[in-house]
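Work through the two exercises below with the sequence and the coordinates at hand. Each task is followed by a stepwise solution.

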Amino acid sequence: MGSTTLSTRDVRAVLDLAGVCAELPAQVQVDDLADAVPELLGALAGLVRCDLLFWDRSSWSRSSVGRASSGRGRPAWW
Amino acid sequence: MVVNFDADTWLAHLPEHPIMSGRYGPVVAFSDVLGTLEFRRSWHYLECFRPNGSFYEIGLALPRQGVQRSVISFNRKRGRDFTDRDHLVLQLIRPHVHAALQRLGRPVPQLTARQLEIMRLVAQGLTNGQIAHRLGTAEKTVGKHLENTYERLGAHSRVHAIALCDPLLRG
């Protein structure tokens with residue numbers, strides 16, 4: 001099994017993002033969490049460079065495995 | 001920007017999605033699972049990737065909450081697939097992102113001024129007796145306030161209560 005080594009810069013980036021996560025204030029229940037976390041998503045896109053960033057949330061039917069019961073489309077956040 | 005297909009169609013194809021299906025672990029790229037040919041024939045490539053010019057995707061699946069599944073996906077254009085480094089940093093950051101999102105989704109508890117005052121002292125490490133002395137009240141009264149506070153917060157211990165009302169204490 002191979003191993004991956006992170007550079008000092010990468011380790012710092014991970015720690016910085018962990019700090020961003022820790023500092024995010026709790027908020028009143030919101031209908032769409034994505035409205036509350038542009039800072040978090042932006043920081044993630046900084047850690048793993050990308051052209052588009054998606055946040056998918058879905059619920060699955062309890063009664064039939066593999067069939068979705070409800071959910072959203074796929075808005076891009078980045 | 002919103003990719004142009006309805007939610008039902010997207011959900012119907014989730015079981016084929018390497019990341020959303022949850023079959024390959026919490027951090028997985030399409031290219032970890034599908035060969036290029038297979039990928040280019042997939043519904044996800046034809047309907048999701050191609051229209052927005054993406055060719056690679058890596059997903060960060062957060063722990064399931066009952067039937068709720070949440071995945072953050074990173075897309076790139078052709079020629080820049082995700083690396084082992086990307087897999088690793090996402091693995092490392094996953095518990096922190098999960099904790100942050102859980103905290104954000106939780107309603108801020110509502111406490112009375114007195115309950116909040118006592119919780120601030122609890123968070124400073126004071127005992128019920130010390131709090132009672134500080135506030136000039138009976139220890140039993142402090143205990144009763146805390147009992148009501150725990151119930152309101154849904155807390156099962158002193159430490160749990162401090163964690164649950166952390167946003168109020170910070171404020």
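**Exercise 1.** Determine the order of helices and strands along chain A, and describe how helix 1 and helix 2 of chain A pack.

*Solution.* Step 1. Along its sequence, chain A reads α-α-β-β, where helices (H or I, at least four residues) and strands (E, at least two) are DSSP runs numbered from the N terminus. The model is predicted: local features need pLDDT of at least 70, side-chain atom pairs count only at pLDDT 80 or more, and totals for chains, interfaces and linings use all residues. Residues are numbered from 1 along each chain as its sequence is written, while chains are lettered from A and ligands numbered from 1 in the order in which they are written.

Step 2. The axes of helix 1 (residues 8-23) and helix 2 (residues 38-47) of chain A come within 10 Å and cross at roughly 175°; axes are lines fitted to C-alpha atoms, for helices over the stretch in contact, and angles run from 0 to 180 degrees between N-to-C directions. Helix 1 of chain A is therefore roughly antiparallel to helix 2 of chain A (angle over 145 degrees).

Step 3. A13(A), L17(A), V20(A) and C21(A) of helix 1 meet E39(A), L40(A), A43(A) and L47(A) of helix 2 (contact: C-beta atoms, placed from the backbone, within 7 Å).

**Exercise 2.** Identify the buried residues of helix 6 of chain B and their arrangement.

*Solution.* Step 1. In helix 6 (residues 113-123) of chain B, the buried residues are Q115(B), I118(B), M119(B) and V122(B) (buried: 20 or more other C-beta atoms within 10 Å of the residue's own, C-beta atoms being placed from the backbone).

Step 2. Viewed down the axis of helix 6 of chain B, these buried residues fall within an arc of 100°, so they line one face of the helix (the arc is that of the directions from the helix axis to the C-beta atoms).

Step 3. After helix 6 of chain B comes G125(B), with a positive phi near 95°.

Note on methods
Buried ≥ 20, exposed ≤ 12 C-beta atoms within 10 Å, placed from the backbone. Parallel < 35°, antiparallel > 145°, perpendicular 65-115°, else oblique. Contact = placed C-beta atoms within 7 Å.
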